[in-house]
Amino acid sequence: MASTSLATSPAFTFSASTFQKLHPTEYFRKFISQGVRPDGRLLNGFRPTTVHYGVITTANGSAMVRIGGTTVVCGVKAEVAEPKLDAPDQGYLVPNVDLSPICSSAFKPGPPSEQAQVVSDAINRVLKESSVLNLKDLCIEESKAVWALWVDVVCVSYDGNIYDAALASVMAALTNVRIRKPTYEEGVVKVSGSESANDENSFKLNLSRTPLSSSFALFDTTLTLLADPNFAEESISQGQISVTLDEHGQLCAVSKVGAASSSQALLKSCVERARERSRELRSIMSQQHQ
């Protein structure tokens, strides 16, 4: 009787990039179980960060912040406006974040995305609750005229963690602001623009605090913390925690997105790492501002 040989089928294998697309969570889990991430960072590692000031010459103040593959540009424009009836001696500070299809295909044309609105609201809340700027400093003539500061953040390239980058760019741009000293005569506000701004004909903003945030993604059912999550990590995370601290390490805000629950120990770990990151980021900002 003739023997029958069965051909052995070769094992079906995927390339790393294909496996990541088909099973992103399992792909990340294999790395994280070893204490590293696919981009080579440790779990608590932040991406390289740069800050540049005065990048928009037509703005009163501006800055560009790059955290890994996420780049944002913030411009501050000062305009004369009428004060509110219930705050006749206070000006305006209005932040807005724009996430357009230019920065990522994840965003569509049209009205602001939900994420852009959430980030804008979060920054506005931090600026107000932290009393970053005394709005009375923006008064030109009580009940007549005040300064309105339009703070526009445009994302140029998006790869996750937009909140940290946007808030850092806002604070950097505000420290870069120069506003011409106005005069108010017979109902008319006059601002000289014939010469370059200097200490005699303009003023800087007196910022009482400079809050900066550090964000962490919660990965898998173990809720492993991933500092400064990129877009791929955000898309598979169970939630996200952002810790905002001022220059003295005092807590300004803690926000959480997602359904995953977080323990007191987890929040403590976020705050401890956020304090280290806050010092690192402030050192980067001060070096570039010299």
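Two strands are taken to pair if DSSP finds at least two bridges between them, and helices (H or I, at least four residues) and strands (E, at least two) are DSSP runs numbered from the N terminus. The structure described here is a predicted model, in which local features need pLDDT of at least 70 and side-chain atom pairs count only at pLDDT 80 or more, while totals for chains, interfaces and linings use all residues. Residues are numbered from 1 along each chain as its sequence is written, and side-chain values use heavy atoms, with hydrogens and water left out.

A good place to begin is the pairing around E3. E2 and E3 run antiparallel and are joined by seven bridges; one residue pair to look for is valine 65 with its bridge partner in E3, valine 72. These two strands make a hairpin with two residues between them, and glycine 68 in the turn has a positive phi of about 60°. E3 is also joined to E6, again in the antiparallel sense, by 11 bridges. Here alanine 78 stands opposite leucine 149 in E6.

A nonpolar core is a set of buried Ala, Val, Leu, Ile, Met, Phe, Trp, Tyr and Cys residues joined through side-chain atoms within 4.5 Å; buried means under 20% relative accessible area, exposed over 50%, and partly exposed in between (1.4 Å probe, protein chains only). The largest such core has 49 residues, and those touching the most other members are Val76, Ile123, Leu149, Val170, Met171, Leu174 and Leu205. At least two residues each come from E1, E2, E3, E4, H3, E6, H4 and H6, with H4 giving the largest share, 11 residues. Leucine 174 touches Val76, Leu93, Val151, Leu205 and Leu207, leaving aside residues up to four places away in sequence. Another core, of 13 residues, lies apart from the largest one and includes Phe46, Phe216, Leu223 and Ile241.

Helix H3 is worth a closer look. Its 16 residues should span 22 Å at 1.5 Å a residue, and the end C-alpha atoms are indeed 22 Å apart; the expected span is 1.5 Å times one less than the number of residues. Ala116, Val119, Ser120, Ala122, Ile123, Val126 and Leu127 are the buried residues of H3. They lie on the same side of H3 because they cover an arc of only 160° around the axis, the arc being that of the directions from the helix axis to the C-beta atoms. This buried side packs against E4, H4, E13 and E14, where contact means heavy atoms within 4.5 Å. The face turned away from it carries the exposed residues Glu114, Lys128 and Glu129.

The second sheet is open, with four antiparallel strands in the order E12-E11-E13-E14. E12 and E14 are the edge strands, each pairing on one side only, and the twist averages 25° from one strand to the next. E13 and E14 share six bridges, with threonine 244 partnered by alanine 253 in E14. Helix H6 lies across E11, E12, E13 and E14 and runs at about 55° to E13; such angles run from 0 to 180 degrees between N-to-C directions, and axes are lines fitted to C-alpha atoms, for helices over the stretch in contact.Two loop residues complete the picture. Most residues other than glycine have a negative phi. Serine 131, in the loop between H3 and E5, has a positive phi near 50° and is partly exposed, with a relative accessible area of 46%. Leucine 223, in the loop between E11 and E12, has a positive phi of about 55°, yet counts as buried at 18% relative accessibility.
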